[in-house]
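Colleague: Got a minute to walk me through this model? I'd like the overall picture before the details.

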Amino acid sequence: MNVTNRIILSLLLALPVAVAQTDRAGPTFTIKDEQIRAPLSFIAYGDQRFTDPVNGQSTAIMRQLLVKQIAIEKPSAVIMNGDVPNDGTKKEDYAVYRSETSAWRQAGFPVIAALGNHEINGDEKRCLENWWDAFPSLRNRRWYSTQLGSRVYVIALDSMSHLTPGSEQAKWLDRKIDGMSSSVDFLVITLHHPPVADVQTHLLVDHNPRPNEWALRDYLAEKSKRIHARILVSAGHIHNYERHEQASIVYLVSGGGGAFPYLVERTPDDLYQSTEFPNYHYLKFVLEGRELKGTMYRAVNPENPNSAFEVKDSFVMRAKARK
C-alpha cells in the first residue's frame, strides 16, 4: 500500500467514511471503489461490550482475540452490530474500545457501528454524547448510510428508536433505499435487535424479536420485490450465531463478539444447527464477481488467548440479474 492510500485509510477510521453528504436521497457517507483494496471484503459482528477486563459481562480474552484476527483479515470495513460498550454511560468503556482496537486504526479500517441497548443504558443524553465522542463523524445522527464501493450499500439503523411505519427512521430508510444507486447489488442493513431469530420458549425469551423489528422485516419483504439489490440483515443482541432466510433476504444473528455467551434453542428454520457452544465468532464477506460470499469463523478454544479459528458456516448470495 502506498503512502497516499495509507493516509486516506487512516483518515477513514477517524471519519468512518471518506465523504459525508446530506441526509436526503443519497448515502450519508461514501467510500469510493479506488479507496478499496480488491476484492472488497467486510467483517460483521456484534456484542463486544468493551469494558474493564475484570467485568464479568464480557470476556476480554475473546474480545481481544477477535479484534486481532479481524486486523489480520484486512477488511475494507468493519460492521459492528451494537453493544460496543458494556455501559454507554461510561466513557471508560469507550476508552477500552479505543485501546483494544488500536490495530484497526493503525491499519485504517473504516468502522460502521450501530447503536444497541447497552449504548443507551440510562441517561440517554449522556449516553449519546459518549457515543458521538467515540464516533465523531456520526454526531447528531442515530442512523446513517455508507456507500461501500459502487456495489455494496450499508445502512446502520437504531433499534432503540421506532422502526414502525410512519416513524422518522422508517421514512428515512425508505428514502435511502429509493435513492440507492442502480449499481448497488447488495444492500447490507446492520442493527442491534434482530428482526428474525430463533424464538425461545424457555431461555432468554425477553431477547425474542420484537414488534419494532417485525415492522422492519415486513417492510423489507415488500421492498425487496421492487429493488435490484439483494438484502442482507446483520443483527446482534443474542450472544450466539444464527442464520435465517425469509423472502430471499438473509437474516444473521452475530452476537459472539465477547459478551457473556447465550445458549439458543435452535428452531428448524435456523440454517445453522450446530450444538457447539459458545460461539465467539466473526463473519467475513467477500465480493467476487456477482457473488457475495459469507463465512463464519469461530474460535476453537474460548479459553485460549491464541485460539485458532475454524470455518463453521458459509453461504453465498448471488446478485439479481439486471434487466
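**Overall shape**

Modeller: Sure. A compact globule of 323 residues would have a radius of gyration near 20 Å, and this protein has 18 Å, which agrees. That radius is taken over C-alpha atoms, and the globule rule is 2.2 Å times the number of residues to the power 0.38. One caution: this is a predicted model, so local features need pLDDT of at least 70 and side-chain atom pairs count only at pLDDT 80 or more, while totals for chains, interfaces and linings use all residues. Residues are numbered from 1 along each chain as its sequence is written, and side-chain values use heavy atoms, with hydrogens and water left out.

Colleague: What does the C-alpha trace span along its principal axes?

Modeller: About 50 × 50 × 40 Å. The protein has seven helices and 14 strands; these are DSSP runs numbered from the N terminus, helices being H or I over at least four residues and strands E over at least two.

Colleague: How much of the protein counts as buried?

Modeller: 58% of the 323 residues. Buried means under 20% relative accessible area, exposed means over 50%, and partly exposed is in between, with a 1.4 Å probe and protein chains only. The protein exposes about 13,400 Å², and carbon and sulfur atoms supply 53% of that; the areas come from the Shrake-Rupley method with a 1.4 Å probe, and for residues only the protein chains shown count as cover.

Colleague: OK, sheets. Which strands form the open sheet, and in what order?

Modeller: Six of them, in the order β5-β4-β3-β12-β13-β14, with mixed pairing. β5 (111-113) and β14 (309-318) are the edges: each has a single partner strand, so one side of each has no neighbour in the sheet. From one strand to the next the twist averages 20°. For the cut-offs, two strands pair if DSSP finds at least two bridges between them, and the axes behind the twist are lines fitted to C-alpha atoms, for helices over the stretch in contact, with angles running from 0 to 180 degrees between N-to-C directions.

Colleague: How many bridges join β3 to β12?

Modeller: Four, between residues 41-45 of β3 and 281-288 of β12, running antiparallel. Ser 41 sits opposite Val 286 of β12 there. β12 also pairs antiparallel with β13 (residues 291-299), over eight bridges, and in that pair Leu 287 stands opposite Leu 292 of β13.

Colleague: What's in the turn between β12 and β13?

Modeller: The two strands form a hairpin with two residues between them, and Gly 289 in the turn has a positive phi of about 60°. Further along, β13 joins β14 through nine antiparallel bridges, with Gly 294 partnered by Phe 315 of β14.

Colleague: Switching topic: which residues have the most contacts inside the largest nonpolar core?

Modeller: Phe 42, Tyr 45, Met 80, Trp 104, Trp 131, Leu 148 and Phe 285, in a core of 61 residues. Helix α2 (residues 60-73) gives the most to this core, with six residues. Another core, of 23 residues, lies apart from it and includes Trp 143, Ile 155, Leu 163 and Ala 235. A core here is a set of buried Ala, Val, Leu, Ile, Met, Phe, Trp, Tyr and Cys residues joined through side-chain atoms within 4.5 Å.

Colleague: And Glu 119, is that buried or exposed?

Modeller: Glu 119 is buried, with a relative accessible area of 0%. Glu 119 is in the loop between β5 and α5 (124-134). Leaving out residues up to four places away in sequence, its contacts include Asp 83, Tyr 94, Cys 127 and Trp 131, where contact means heavy atoms within 4.5 Å.

Colleague: Backbone oddities next. Where are the cis peptide bonds you'd flag?

Modeller: One joins Ala 38 and Pro 39, with omega about -5°; Pro 39 is in the loop between β2 (29-31) and β3. Another runs from Phe 277 to Pro 278, with omega near 0°, and Pro 278 is in the loop between β11 (249-254) and β12.

Colleague: What about Arg 49 and its phi?

Modeller: Phi of Arg 49 is near 50°, positive in a residue other than glycine. Arg 49 lies in the loop between β3 and α2 and counts as buried at 5% relative accessibility. Leu 204, also not a glycine, has a positive phi of about 50°; Leu 204 is partly exposed, at 28% relative accessible area.
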